[in-house]
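Biologist: I'd love a close look at one part of this model, with the cut-offs spelled out as you go. Could you take me through it in one connected answer?

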Amino acid sequence: MSKEIINYVEFPVRDMEGTKRFFSQAFGWEYYDHGDDYAAIQKAGLHGGFFRSDLVAHTENGSALVVLFSEDLEDSLERVKQAGGKISKSVFDFPGGRRFQFTCPSGNEYAVWSES
């Protein structure tokens, strides 16, 4: 059995402070800054970080889609909107649940899902 597992994900961000503020407001994430160009994400369920870049992670560009789980999809949708996220796909059903997709202030695309 292999011991290589996914345990860290890094995201490019154009607007470091705006992106950190958005995820803090929408989902309660916290950060540990490593200078001005990198922030380690804490309290997100998976270890990761934001690095300053002009790149954008979006499924239209072939990027993997990071999907967050929510016990209350409508509440999550409202928090994303209030924090300044842009809804790229409204709530829709899929086998096993419902989800919506959004972009953060840096233009990266994410999704939030809940069980049916």
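To set the scene, what does the accessible surface of the protein come to, and what percentage of it belongs to carbon and sulfur atoms? After that, please walk me through the open sheet of 4 strands.

Modeller: Happy to! This is a predicted model, in which local features need pLDDT of at least 70 and side-chain atom pairs count only at pLDDT 80 or more, while totals for chains, interfaces and linings use all residues. Residues are numbered from 1 along each chain as its sequence is written, and side-chain values use heavy atoms, leaving out hydrogens and water.

The accessible surface (Shrake-Rupley method, 1.4 Å probe) is about 7100 Å², and 49% of that belongs to carbon and sulfur atoms. Buried residues, meaning those under 20% relative accessible area, account for 38% of the 116 residues. The protein has 2 helices and 8 strands, where helices are DSSP runs of H or I with at least four residues and strands are runs of E with at least two, numbered from the N terminus. In order, the elements read β-α-β-β-β-β-α-β-β-β.

Now to your sheet. Its 4 strands lie in the order 1-4-3-2, with mixed pairing; two strands pair if DSSP finds at least two bridges between them. Strand 1 (9-13) and strand 2 (30-33) are at the edges with a single partner strand each, so one side of each has no neighbour in the sheet. From one strand to the next, the twist averages 30°.

Strand 1 and strand 4 (residues 48-52) run parallel and are joined by 5 bridges. Among these pairs, Phe11 has Phe50 as its bridge partner, and Val13 has Arg52.

Helix 1 (residues 16-27) packs on the sheet and touches strand 1, strand 2, strand 3 (38-42) and strand 4, a contact being heavy atoms within 4.5 Å. The direction of helix 1 makes about 150° with that of strand 4; axes here are lines fitted to C-alpha atoms, for helices over the stretch in contact, and angles between N-to-C directions run from 0 to 180 degrees.

Strand 3 also pairs with strand 4, through 4 bridges, and these two run antiparallel. Phe50, the partner of Phe11, is the bridge partner of Ala39 as well. Strand 3 and strand 4 form a hairpin with 5 residues between them, and Lys43 in the turn has a positive phi of about 65°.

Definitions and conventions
Buried < 20%, exposed > 50% of the residue type's maximum accessible area, 1.4 Å probe, protein only.
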